[in-house]
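Colleague: Please take me through one part of this model closely. I would like a helix, and then what surrounds it in the chain.

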Amino acid sequence: MRSCFLLLLPACAAQGQKLIAPPCVVERDGILVRAEYVEEAERLVGDFAELDRRVRDLLGVQDPPTPEVWLLEVELEGSTTGTCIWVPPAVCLEKGQHENRQAVVHELAHHYLRRWPARLPAVVDEGFADLLGGMARDQLGEVRDRYAYVLRRTRVTSIHHVLELSSQEFREISDPRGTVAIRSVGFALADRIGVEGLRQMCQRAKALDLEQVPEEWLEPTWAEVASRSFQQKEIPPGLEVVTLL
Ligand SMILES: [Zn+2]
């Protein structure tokens, strides 16, 4: 059986959801955690501080300050487990996901990457956050294997359409299998280029006065990745962008 994922999808994102800061605050080792119950924040603050330190080291972050971590007692709208908000800068984890270390690192990565000199295409940004999640938790092999498994079963009919997805369009993909298929493409690109290569791309884009790294800069890497994965081939662009085989 095969399923197709089209890009013309209804809105379902957590975007409009109003998030209220939990009342109890615990601050330690440069990180501030808010939770409904102080014990919950106390229990996790040390681990979050360690994960934050690792993400900052991996990205070479001096500034900006670490965001707050909010342990929510509500579920987020859509299929997301966590989200990253601008004001105040906070990483929010939904109910039931407070111990999801991959989600913590993923959202911390978004927080710092949003402040890089230029943006990456949304799909690569997602893949990069997942890559950092694997690296910071010393679980990169496991994350790689999982995405390689998905990627082998994913046919990308137009890398151009995947790379031009906005973050809103990415969030609005209603089928979780479509999301993970597209994420596997972003992960493969980020993994292949690496932290330093992606940083250099963003610096180069900024030097050219570009807000975002152009898709064309990533297409040669995709060609390399695709040629190594036996299922991948480029076929002419159409509405069908990703097919899970
Ligand atoms: Zn994300």
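Modeller: Take helix α7, residues 176-207. The model is predicted, so every value here is computed. Helix α7 has 32 residues. A straight helix would reach 46 Å at 1.5 Å a residue. The end C-alpha atoms of α7 are only 37 Å apart. Where does α7 bend? The place is Gly 194, and the bend there is about 95°.

Now step past the helix. α7 is followed by Asp 209. Asp 209 lies in the loop between α7 and α8, residues 219-228. Its phi is positive, near 65°, in a residue other than glycine. Is Asp 209 buried or exposed? Count the neighbours: 7 other C-beta atoms lie within 10 Å of Asp 209. The cut-off for exposed is 12 or fewer, so Asp 209 is exposed.

Asp 138 makes a good companion case. Phi of Asp 138 is near 55°, again a positive value in a residue other than glycine. Asp 138 sits in the loop between α3, residues 122-136, and α4, residues 140-152. Asp 138 counts as exposed because it has 9 C-beta neighbours inside 10 Å.

One more loop deserves a stop. Pro 88 is found between β5, residues 82-85, and β6. A cis peptide bond joins Val 87 and Pro 88, with omega about -15°.

That loop leads us to the strands. β6 covers residues 90-93. Four bridges join β6 to β4, and the two strands run parallel. In this pair, Trp 70 of β4 stands opposite Cys 92 in β6. β4, residues 68-71, is also joined to β3, residues 31-35. Here there are three bridges, and these strands run parallel too. Val 33 stands opposite Val 69 in β4. From β3 the chain crosses through helix α1, residues 38-59, to β4. This β-α-β crossover is left-handed.

Last, set these parts in the whole chain. The chain has eight helices and eight strands. Buried residues make up 37% of its 245 residues. Now take the contacts between residues at least 6 apart in sequence. Of these, 66% join residues at least 24 apart.

Definitions and conventions
Residues are numbered from 1 along each chain as its sequence is written. This is a predicted model: local features need pLDDT of at least 70, side-chain atom pairs count only at pLDDT 80 or more; totals for chains, interfaces and linings use all residues. Two strands pair if DSSP finds at least two bridges between them. A crossover is right-handed if, with the strands pointing away from the viewer, the path from the first strand over the helix to the second runs clockwise. The expected span of a helix is 1.5 Å times one less than its number of residues. The bend at a residue is the angle between axes fitted to the seven residues ending there and the seven starting there. A residue is buried if 20 or more other C-beta atoms lie within 10 Å of its own, exposed if 12 or fewer, and partly exposed in between; C-beta atoms are placed from the backbone. Two residues are in contact if their C-beta atoms, placed from the backbone, lie within 7 Å.
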